[in-house]
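Dear colleague,

Please find below the structure that I am handing over to you. A summary of what was found in it follows.

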Amino acid sequence: MEVKINREIRGYTESVFFGLSLRQLVFSVLAVGVAVGLYFLLRPYVGTETVSWMCILGAAPFAAMGFVSYHGMTAEQFLWAWFRSEALEPREIIFEPVNLYYELMKKNIREHEKELMQL
C-alpha cells in the first residue's frame, strides 16, 4: 500500500470529481458551457471546421483559468497583478549609465589633454 504525501503542504489540493479540485471542475464546466454555446450560436453562420476552432479558442481561456498557477498565484490573481502593474500603476524606468571610473578620473584626463595640447 502506498500513500502519496506532498512535500509542501501548500501544494495539497482536495479532489472533488475525477481527480479535479473544485476550482478546476468549475472552470472546466464553464469551458464546456462556452464551447457548447459558441457551437449553437455560430453553427448557422459558418462551417463545421471553423465553428470547432472557434469553440476551442473560446473555451481555452476558461479551461486555462482553472489549471494555471504562476508563482503561487491563481490565474485571475496573476491577471490582476499584471493589469495593475501595466495599466493602473505604470512606471517609466529610465536607464542612465554612469561611468564611475570616468567621473573619478575626469580631472586627471583634462590635465593630461592640456599637457598634450601644449606639446
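**Findings**

Helix α3 (residues 75-88) provides six residues of the nonpolar patch, the largest share. This patch lies on the surface of what is a predicted model. Its members are Y70, F78, L79, W80, W82, F83 and L88, and together they have about 730 Å² of accessible area. One of them, L79, is found in helix α3. L79 counts as partly exposed because its relative accessibility is 44%, and the partly exposed class runs between 20% and 50%.

As to the overall layout, the protein chain contains four helices and two strands, arranged along the sequence as α-α-β-β-α-α. Of the contacts between residues at least 6 apart in sequence, 46% join residues at least 24 apart.

With regard to burial, the protein chain has 119 residues, of which 10% count as buried. The chain exposes about 11,000 Å², and 63% of this is supplied by carbon and sulfur atoms.

The largest nonpolar core consists of five residues: A31, A35, V51, C55 and A59. Both α1 (22-42) and α2 (48-67) supply at least two residues of this core, with α2 giving the largest share, three residues. Within the core, V51 may merit your attention. Apart from its neighbours within four places in sequence, V51 is in contact with Y39, L42, R43 and V46.

Yours sincerely

Note on methods: Residues numbered from 1 in each chain as written. Predicted model: local features only at pLDDT ≥ 70, side-chain atom pairs only at ≥ 80, totals over all residues. Heavy atoms only, no water. Core = buried A, V, L, I, M, F, W, Y, C linked by side-chain atoms within 4.5 Å. Buried < 20%, exposed > 50% of the residue type's maximum accessible area, 1.4 Å probe, protein only. Contact = heavy atoms within 4.5 Å. Areas by Shrake-Rupley, 256 points an atom, 1.4 Å probe, with all protein chains shown as cover. Patch = residues over 30% accessible without salt bridge, like charges linked within 9 Å, V, L, I, M, F, W, Y side chains within 5 Å. Salt bridge = Lys/Arg side-chain N within 4 Å of Asp/Glu carboxyl O.
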